[in-house]
Amino acid sequence: MAGTPDSDLDDVARIRRVLARELETINEYEAFARASSSPEVRAFFLHLAAEEKEHVSEAVHMLRMLDTGQDTHFTKPFVPGHFESVAGAEAPAAPAHVA
């Protein structure tokens, strides 16, 4: 779907694409903030990241309104230990960063 033009997507797919872009942008702004030697520039990038986090919240809200199947996953509780690794299993290697 990466090559699908935005105009060919339905609303839910567009919102998911926006959500992915917002999350990537948060990562970029926070990385820029960590790399900055200037407190003012660091604060600027953290401010931008906070605004993007607001956009993520809004996009998730829209996604939950439009896709009830997705909303079910947001309301489903996770049992204790859900995210713990299986005994003896190794964690997968981190993916290589692609610029």
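## Close-up views of a three-helix chain

Of the 99 residues in this chain, 21% count as buried. The model shown here is predicted, and the legends below take you through it one close-up at a time.

**Figure 1. The whole chain, built from helices.** The chain holds three helices and zero strands, so its pattern, read along the sequence, is α-α-α. About 7800 Å² of accessible surface belongs to the chain, and carbon and sulfur atoms contribute 59% of that surface. Take the contacts in the chain with a separation of 6 or more: 45% of them join residues that are 24 or more positions apart.

**Figure 2. Helix α1 and its buried face.** Helix α1 covers residues 11-35. With 25 residues at 1.5 Å a residue, α1 should span 36 Å, and its end C-alpha atoms are indeed 36 Å apart, which agrees. The buried residues of α1 are Val12, Ala13, Ile15, Arg17, Leu19, Glu22, Thr25, Ile26, Tyr29 and Ala33. Where does this buried set pack? The buried residues of α1 pack against α2.

**Figure 3. Helix α2 between its partners.** Helix α2 takes in residues 39-66. Its 28 residues should span 40 Å at 1.5 Å a residue; the end C-alpha atoms lie 41 Å apart, in agreement with that value. Buried in α2 are Phe45, Leu48, Ala49, Glu52, Val56, Ala59, Val60 and Leu63. These buried residues pack against α1 and also against α3, which spans 68-75.

**Figure 4. Glutamate 52, a buried charge without a salt bridge.** Look along helix α2 and you will find glutamate 52. Which side chain of opposite charge is nearest to glutamate 52? It is arginine 21, 11 Å away, and buried glutamate 52 has no salt bridge. Setting aside neighbours within four places in sequence, glutamate 52 is in contact with Glu22, Thr25, Ile26 and Tyr29. Each of those four contact partners also appears in the list of buried residues of α1, which includes Glu22, Thr25, Ile26 and Tyr29.

**Figure 5. Glutamate 54 and serine 57, seen from glutamate 22.** Both glutamate 54 and serine 57 sit in helix α2. Glutamate 54 counts as partly exposed because its relative accessibility is 47%, and serine 57 is partly exposed at 47% as well. Glutamate 22, by contrast, is among the buried residues of α1. Along the chain, glutamate 54 and glutamate 22 are 32 residues apart, yet 9.4 Å separates their C-alpha atoms. For serine 57 and glutamate 22, the separation is 35 residues in sequence and 10.0 Å in space, C-alpha to C-alpha.

**Figure 6. A salt bridge within helix α1.** The count for this model comes to four salt bridges, and one of them joins arginine 14 to aspartate 11, with the closest N and O atoms 2.7 Å apart. How far apart are these two along helix α1? They are three residues apart, so about one helical turn separates them. Arginine 14 is partly exposed, since its relative accessible area is 31%. Aspartate 11 is partly exposed too, at 49% relative accessibility.

**Figure 7. A salt bridge from helix α1 to a loop.** In this view the side chains of arginine 16 and aspartate 67 meet in a salt bridge, at 2.5 Å from N to O. Arginine 16 belongs to helix α1, while aspartate 67 lies in the loop between α2 and α3, so the pair ties together parts that are 51 residues apart in sequence. With 37% relative accessibility, arginine 16 counts as partly exposed.

**Figure 8. Arginine 64 pairs with aspartate 71.** A further salt bridge links arginine 64 and aspartate 71, whose closest N and O atoms are 2.4 Å apart. Are the two partners buried, partly exposed or exposed? Arginine 64 is partly exposed, with 31% relative accessible area, and aspartate 71 is partly exposed at 23%.

**Figure 9. A nonpolar patch on the surface.** To finish, here is a patch formed by Met62, Met65 and Leu66, which together have about 270 Å² of accessible area. Methionine 62 is found in helix α2. Its relative accessibility is 35%, so methionine 62 counts as partly exposed.

Notes:
Residues are numbered from 1 along each chain as its sequence is written. This is a predicted model: local features need pLDDT of at least 70, side-chain atom pairs count only at pLDDT 80 or more; totals for chains, interfaces and linings use all residues. Side-chain values use heavy atoms; hydrogens and water are left out. Patches are made of residues with over 30% relative accessible area and no salt bridge: like charges are joined within 9 Å, nonpolar side chains (Val, Leu, Ile, Met, Phe, Trp, Tyr) within 5 Å. Accessible areas come from the Shrake-Rupley method with a 1.4 Å probe; for residues, only the protein chains shown count as cover. Buried means under 20% relative accessible area, exposed over 50%, partly exposed in between (1.4 Å probe, protein chains only). The expected span of a helix is 1.5 Å times one less than its number of residues. Contact means heavy atoms within 4.5 Å. Lys and Arg count as positive and Asp and Glu as negative; His and the chain ends are not counted.
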